[in-house]
Amino acid sequence: MGTSLALSVDRDDPRPLGVQLADQVRRLIVSGHLGTGSRVPSTRRLAADLGVSRAVAEQAWDQLRAEGWLEARQGSGSWVAAGRTGPAATRPAPRPARPSPDLVMMDAGTPWIDRRHDAAWRRAWREVAAATPPRGYGDPRGLPALREQLAERLGRVRGLAVEPDDVVLTSGTTAGLRDLLTVLPAGPVALEDPGYRAAVRTVVASGRTALDLPATSPVTDLDGVAAAYVTPAHQHPLGRVMPAADRWTLLDSARRARALVVEDDYDSEFRYDVAPVPALASLDPARVAYLGTASKSVLPSLRLGWLVAPPGLREELLAHRRTTHDAPPWPVQRAFLALLRDGYVDAVVRSARRAYAERAPRVVAALSPYAELAGPVAGMYSTWLLPHDRAVRARRAAREAGFVVNLLADYCRSSPLTGLVVGFGGPSDTELDRALEVLVSALAQR
């Protein structure tokens, strides 16, 4: 089938589409991201992936073969040419690994970006440039039109029956958590262990005590706790889906303790083993605050999220935001509105889901002989249980080869679990294969 390539076509570009594709592949080869001997997709597959005619794909491949970048092999497609024939004689040798600080992130939060959608991204920002910005701070909940789009999407994708006025725009998940912490009664906050490190630090920075909730056990007692922060759809970082019985147990415990449940729904759209699990907030909107984010579907650096708070907290929350003006920048909100309205977000989610579904089995096949999966593989990462010394050795080898892989122990506070958290959203296909080779080599040592 050939290596998947991050290619795109821009129909606003005056250059022919075939020329655009040839230029992009040429840059991939020159930079070392597409190495000698790599098989490239067939023209039929390339045309289908990009939504262009097969003649466009054939034009690009013919040009690259004529220049010596690609070579055809009878009955097996086209490959990056060996040796240094023709213009390829000036090609630098591929880098064996990226030197620091240009490391390849293989963490739990770096998503795969499909470059085929770049034209829609640029259109959204052109629309922002042509729009008239508000004269003041605007609604403390955020841009009304964007909240309307998000309310529709949350109902369609996550099963939440919300109105636009129920949605509050935030500068990411931790910003939404900070907003909630300002309006909650005094008391500690319980968080999953192992769990999301940024959430723990946010709680501690607010002056509250962080209590540990064992991530794999039912929550039966929240007495004395102001809130419990959980990731029920895809536990971060173990990957476990909270069973239905445990969901009801958690909600019952919260009701008895009059505690808030904070649901971080960070990557629920990227299930490819089963259908996405309904949001916990859909079971008890009066007891659960829902946090969502654009960081996994669009870009972490967009710094945009949303919060649906229980009715009893909304007025105090809005009063706080009116005072602090703590809302995402208007241009970011306006761009995301265009991306939602024009179907960009749905398209990138579908593309990423397909990419993760293809990559996950490769990671499992490579690592399962040496480590134990901590939970189902979903989204853009997998977590592996193994002795700490072996995990440290593998992480060090990956770092020396130019890849950042995290230790499971770094997500733990009182939990004794050890192992690796291996993300597969950030690297290219070629980089992923190389990283897996490095990890397997390190883990195979005894």
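**Rings, burial and a helix crossing**

Visitor: Why does Tyr344 count as buried?

Guide: The relative accessibility of Tyr344 is 9%, and buried means under 20%, so Tyr344 meets the criterion for a buried residue. The model is a predicted one, and the value is computed from it.

Visitor: Why is Trp121 called partly exposed?

Guide: Its relative accessible area is 22%, and since the class of partly exposed residues lies between under 20% and over 50%, Trp121 is therefore placed in that class.

Visitor: How many aromatic pairs does the structure hold, and what makes the pair of Trp121 and Tyr344 tilted?

Guide: There are five aromatic pairs in the structure. For Trp121 and Tyr344, the ring centres are 6.4 Å apart and the planes stand at 40°; because the centres have to lie within 6.5 Å, and because tilted covers angles that are neither under 30 degrees nor over 60, these rings form a pair and the pair is tilted.

Visitor: Why can this pair be said to tie together parts of the chain?

Guide: Trp121 belongs to helix H4 (residues 118-130), whereas Tyr344 belongs to helix H11 (residues 344-367), so the pair joins parts that are 223 residues apart in sequence.

Visitor: What makes the pair of Trp306 and Phe336 stacked?

Guide: Their centres are 5.9 Å apart and there are 25° between the planes; planes under 30 degrees apart count as stacked, so the pair of Trp306 and Phe336 takes that name. Trp306 is in strand S10 (residues 305-308) and Phe336 in helix H10 (residues 330-341), so parts that are 30 residues apart in sequence are tied together by this pair. Both of these residues, Trp306 and Phe336, are buried.

Visitor: Which residues do ring pairs link into a cluster?

Guide: The cluster consists of Trp121, Trp125 and Tyr344.

Visitor: Where does the charged end of Arg197 sit?

Guide: The charged end of Arg197 sits over the ring of Tyr411, at 4.2 Å from the ring centre, and this distance can be set against the requirement that the atom be within 6 Å.

Visitor: How do the axes of helices H12 and H13 come together, and at what angle do they cross?

Guide: The axes of H12 (residues 388-400) and H13 (residues 429-444) come within 9 Å and cross at roughly 145°, and the crossing is right-handed. On the H12 side, Arg390, Arg393, Ala394, Ala397 and Ala398 take part, and these meet Val438, Leu439, Ala442 and Leu443 of H13. The residues of this contact divide into seven nonpolar, no polar and two charged.

Visitor: Why does Leu443 count as buried?

Guide: Leu443, a residue of helix H13, has 2% relative accessibility, and because the class requires under 20%, Leu443 counts as buried. Apart from neighbours within four places in sequence, Leu443 is in contact with Leu367, Tyr370, Leu386, Arg390, Arg393 and Ala394.

Visitor: Why do Thr174 and Val19 fall into the classes they do?

Guide: Thr174, found in helix H6 (residues 173-183), is at 13% relative accessibility, which is under 20% and therefore buried; with neighbours within four places in sequence left aside, its contacts are Tyr196, Ala198, Thr202 and Arg303. Val19, found in helix H1 (residues 17-31), is at 31% relative accessibility, a value in between under 20% and over 50%, so Val19 counts as partly exposed.

Notes:
Residues numbered from 1 in each chain as written. Predicted model: local features only at pLDDT ≥ 70, side-chain atom pairs only at ≥ 80, totals over all residues. Heavy atoms only, no water. Phe/Tyr/Trp six-rings, centres within 6.5 Å; stacked < 30°, edge-to-face > 60°. Helix = DSSP H or I, 4+ residues; strand = E, 2+ residues; numbered from the N terminus. Buried < 20%, exposed > 50% of the residue type's maximum accessible area, 1.4 Å probe, protein only. Lys NZ or Arg CZ within 6 Å of the ring centre and 35° of its normal. Axes fitted to C-alpha atoms, helices over the stretch in contact; angles between N-to-C directions. Left-handed = near helix turned anticlockwise from the far one by under 90°. Contact = heavy atoms within 4.5 Å. Nonpolar A, V, L, I, M, F, W, Y, C, P; charged D, E, K, R; others polar.
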